[in-house]
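Here are my notes for your first pass through this model. Keep the structure open beside you and check each point as you read.

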Amino acid sequence: MHAQQEVTMALSSMTHLTSAEVAALDPYAFLAVLGKRVIHPGGRRSSEESFRRADFRPDQQVLDVGCGVGTSAMAIARRFGATVSAVDISPIMLTRARSHVRRTGLAGLVTVTYGDILALGFPDHTFDRVVAEAVTMFVDRPRAVRELIRVCKPGGRLLATEFFWREPPTPEAREIFLGQVCPGMQVDTLEEWVRLYKGAGLSNSQVVSGPFEMMTPAGFLSDEGIANCLAIMGRAMTRLSYLRKMTWLMPRLQRAVPYLGYLLVVGEKPATAWGGVVAQAEEVAGGVAPERMS
Ligand SMILES: C[S@@+](CC[C@H](N)C(=O)[O-])C[C@H]1O[C@@H](n2cnc3c(N)ncnc32)[C@H](O)[C@@H]1O
């Protein structure tokens, strides 16, 4: 998408959405429009697990791909002092993320820009940490994973969360979730996801998994807090198109929830496998070899 096109769409997304536009929103964009802050399957719990394993530090450059409304990007900057580049493909998400960053005074640490996980506009080996919460499952996964690893520095860490089938779904639950609620999304087994990341070159990988808590009443409450839960419900009642979408979405999601879970894959980009490229880059920059490479 060209920058001009993105700006135009971002501007229109700040204004009133038509009923047809509301009906066409994917569930995540819809929840973001209603003001939901946490829009990935493991909720805040999986983000906290990711943060614990990330070892974020103030001197690091972090990339949050498919940042949504910017909740994790802002938390990483605020809590750990890291500099975060947050990218997303959706004008609605970009508008919301930029507004949240501005309002929380984190603009010095968090930059929000348009970015496609399949063709990230950053040179190889740019980031110390690369975060992708619930994004690769929407696209060509092997290509997306390769791209995440490409922009990560050798010795840097990748942290990705995905949907997976915790229990084999009934044909009905599978059709409702992948056919109606999230058409085009790919949900795999845990083993298939791990194979994908390892096959793309991730080493020392750890995997954590848990239930799809985001859309359970308890998960919703713990992710958003009582005040934002009430605000979201209040907003859902302000327009007939929101109510219609909500009453269509919720029962369908509930049918799929018992079979779905999240998994978090954490791993490192090996330093050695990328040595040739690093050495070349350093020669040009006249730099010193990083400790890990010696
Ligand atoms: C399930 S939401 C997760 C948002 C955020 N990571 C979070 O956890 O709150 C998926 C996000 O991926 C974004 N997305 C989908 N396809 C993308 C792509 N090709 N490149 C970048 N972002 C993408 C969507 O716009 C959306 O914000």
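1. Start with helix H7. The model is predicted. The buried residues of H7 pack against four elements: strand E1 (61–65), strand E4 (127–133), strand E5 (152–165) and helix H9 (190–199). H7 itself covers residues 141–151. Its buried residues are Arg-141, Ala-144, Val-145, Glu-147, Leu-148, Ile-149 and Val-151. Note that Arg-141 and Glu-147 are in that list. Keep a general rule in mind when you look at such a list: an α-helix has 3.6 residues a turn, so residues three or four places apart point the same way.

2. Now take one residue of that helix. Leu-148 sits in H7. Is Leu-148 buried or exposed? Leu-148 counts as buried because it has 26 C-beta neighbours inside 10 Å, and the cut-off for buried is 20 or more. Leaving out residues up to four places away in sequence, Leu-148 touches Val-65, Val-130, Ala-132, Leu-158 and Ala-160. Ala-200 makes a useful check on distance. Leu-148 and Ala-200 are 52 residues apart in sequence, yet their C-alpha atoms are 9.8 Å apart in space.

3. Ile-39 is worth the same treatment. Ile-39 lies in the loop between helix H3 (27–33) and H4. Ile-39 is buried, because 21 other C-beta atoms lie within 10 Å. Its contacts, not counting residues up to four places away in sequence, are Tyr-28, Leu-31, Ala-32 and Gly-68. Then find Asp-223. Ile-39 and Asp-223 are 184 residues apart in sequence and 9.3 Å apart in space, C-alpha to C-alpha.

4. Turn to the ligand. Which residues come nearest to the ligand? They are His-40, Gly-66, Gly-68, Ser-90 and Glu-133, out of 23 residues around it. Gly-68 has already appeared, as a contact of Ile-39. By class, the shell around the ligand has 13 nonpolar, seven polar and three charged residues.

5. Look next at a helix pair. H8 (residues 171–181) and H11 (residues 240–256) pack at an angle of about 135°, and their axes are 8 Å apart. That angle makes H8 oblique to H11. The crossing of H8 past H11 is left-handed. On the H8 side, the contact is made by Ala-173, Ile-176, Phe-177, Gln-180 and Val-181. On the H11 side, the contact is made by Leu-249, Arg-252, Leu-253, Arg-255 and Ala-256. By class, this contact of H8 with H11 has seven nonpolar, one polar and two charged residues.

6. Check two backbone angles. Most residues other than glycine have a negative phi. Asp-55 has a positive phi, near 55°. Asp-55 is in the loop between helix H4 (43–54) and E1. Asp-55 is exposed, because 11 other C-beta atoms lie within 10 Å. Asn-204 also has a positive phi, near 50°. Asn-204 lies in strand E6 (residues 203–211). Asn-204 counts as exposed because it has 10 C-beta neighbours inside 10 Å.

7. Finish with the whole chain. How many helices and strands are there in the chain? There are 12 helices and seven strands. Of the 294 residues, 39% count as buried. Among contacts between residues at least 6 apart in sequence, 78% join residues at least 24 apart. The contact of Leu-148 with Val-65 is one to look up in the model.

Definitions and conventions: Residues are numbered from 1 along each chain as its sequence is written. This is a predicted model: local features need pLDDT of at least 70, side-chain atom pairs count only at pLDDT 80 or more; totals for chains, interfaces and linings use all residues. Axes are lines fitted to C-alpha atoms, for helices over the stretch in contact, and angles run from 0 to 180 degrees between N-to-C directions. Helices (H or I, at least four residues) and strands (E, at least two) are DSSP runs, numbered from the N terminus. Angles under 35 degrees count as roughly parallel, over 145 as roughly antiparallel, 65 to 115 as roughly perpendicular and the rest as oblique. A crossing is left-handed if the near helix is turned anticlockwise from the far one by less than a right angle, and right-handed if clockwise. Two residues are in contact if their C-beta atoms, placed from the backbone, lie within 7 Å. Ala, Val, Leu, Ile, Met, Phe, Trp, Tyr, Cys and Pro count as nonpolar, Asp, Glu, Lys and Arg as charged, and the others, Gly among them, as polar. A residue is near a molecule or strand if its C-beta atom, placed from the backbone, lies within 6 Å of it. A residue is buried if 20 or more other C-beta atoms lie within 10 Å of its own, exposed if 12 or fewer, and partly exposed in between; C-beta atoms are placed from the backbone.
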